[in-house]
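Biologist: Could you take me through a few local features of this model, one at a time, and show how each conclusion is reached?

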Amino acid sequence: MRTEYPDFRLGSVLATSFTGTLSERCGDPIERIPTPQRFIDWLAEYGLNVETCTTDQYNRARELREAIHAAATAAANGEPLPAHAVLSINKFSAAGKAAAFLTREGRRQWKLGSASRVDDALGVIAADAISILAGERDGKLALCASPSCQAAFFDTSQSRSRRWCDMGTCGNKEKKARFIANRRKKTRAGE
Ligand SMILES: [Zn+2]
């Protein structure tokens with residue numbers, strides 16, 4: 001029997017998409033990479049192809065995820081970055097040996113070369129987190145307005161006024177809640 005796993009929420013920013021693999025963090029958390037194989041599948045969505053992932057590597061992946069989450073949340077709140085998170089992100093960035101390759105179509109591809117390809121993939125994710133946290137990229141870290149979510153996301157909208165980590169899920173939920181509240185108000189007004 002095939003087990004149904006929660007869908008991925010694939011954002012355009014690698015590092016915050018990774019922290020989003022654990023969603024509804026302030027409500028009933030949903031683990032979107034509950035097994036090493038699901039983590040392998042998630043990596044493949046971003047062109048980071050690994051064949052195997054040991055339990056140790058999988059645990060390391062979740063350690064990096066939480067470090068990025070802690071640092072991104074602090075940055076979004078304008079607080080100093082937690083020292084343990086910075087240490088952890090740097091450790092993963094240093095351990096990875098991935099190389100960027102340019103395709104003839106002008107696209108970037110990652111070649112994961114060393115014996116531990118998962119660690120190379122984690123290095124790519126850590127480096128992506130560093131570029132966001134260091135303010136090198138056009139955008140701003142913000143927290144999702146959904147109270148049960150509060151995920152950190154990278155807002156690249158021109159007005160920097162994006163409110164939700166994901167329009168299709170958190171944004172829709174909020175819209176629906178507002179619609180129902182308005183309808184109730186109207187019904188009551190008509191009584
Ligand atoms: Zn959200």
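Modeller: This is a predicted model, and a convenient place to begin is Gln-150, which sits in the loop that joins β5 (140-143) to β6 (152-155).

Biologist: What is phi of Gln-150 near?

Modeller: Gln-150 belongs to the loop between β5 and β6, and its residue type is something other than glycine. Its phi is nevertheless positive, with a value near 55°.

Biologist: Does Gln-150 count as buried, exposed or partly exposed, and which is it by C-beta neighbours?

Modeller: A residue is buried with 20 or more other C-beta atoms within 10 Å and exposed with 12 or fewer. Gln-150 has 17 C-beta neighbours inside 10 Å, and it therefore counts as partly exposed.

Biologist: Where is Arg-160 placed, and is it buried or exposed?

Modeller: Arg-160 is found in the loop between β6 and α6 (167-190), and it has a positive phi of about 55° although it is not a glycine. Since 12 or fewer other C-beta atoms within 10 Å make a residue exposed, the 10 found for Arg-160 mean that this residue is exposed.

Biologist: Which residues does UniProt list for "domain: Zinc finger CGNR"?

Modeller: The listing comes from an unreviewed UniProt entry. In the model the span it gives is 37% helix and 17% strand, with its end C-alpha atoms 30 Å apart. The residues listed in that entry are 141-181.

Biologist: How are helix α4 and helix α5 oriented to each other?

Modeller: The axes of α4 (residues 83-95) and α5 (residues 117-133) come within 7 Å and cross at roughly 130°. Angles from 65 to 115 degrees would count as roughly perpendicular and those over 145 as roughly antiparallel. The two helices, which pass in a left-handed crossing, are therefore oblique to each other.

Biologist: How do the residues of the contact of α4 with α5 divide into nonpolar, polar and charged?

Modeller: On the α4 side the contact is made by Ile-89, Phe-92, Ser-93 and Ala-95, while α5 contributes residues including Asp-119, Leu-122, Gly-123 and Ile-130. The residues of this contact divide into 8 nonpolar, 2 polar and 1 charged.

Biologist: Leaving aside neighbours within four places in sequence, which residues is Pro-82 in contact with?

Modeller: Pro-82 lies in the loop between α3 (55-76) and α4, and it is partly exposed, with 14 other C-beta atoms within 10 Å. Its C-alpha atom is separated by 9.8 Å from that of Ala-72, which is 10 residues apart along the chain. Apart from those sequence neighbours, Pro-82 is in contact with Ala-70, Ala-71 and Ala-74.

Terms used. Residues are numbered from 1 along each chain as its sequence is written. This is a predicted model: local features need pLDDT of at least 70, side-chain atom pairs count only at pLDDT 80 or more; totals for chains, interfaces and linings use all residues. UniProt positions are given in the numbering used here, feature names are shortened, and annotations may be inferred rather than shown by experiment. Helices (H or I, at least four residues) and strands (E, at least two) are DSSP runs, numbered from the N terminus. Axes are lines fitted to C-alpha atoms, for helices over the stretch in contact, and angles run from 0 to 180 degrees between N-to-C directions. Angles under 35 degrees count as roughly parallel, over 145 as roughly antiparallel, 65 to 115 as roughly perpendicular and the rest as oblique. A crossing is left-handed if the near helix is turned anticlockwise from the far one by less than a right angle, and right-handed if clockwise. Two residues are in contact if their C-beta atoms, placed from the backbone, lie within 7 Å. Ala, Val, Leu, Ile, Met, Phe, Trp, Tyr, Cys and Pro count as nonpolar, Asp, Glu, Lys and Arg as charged, and the others, Gly among them, as polar.
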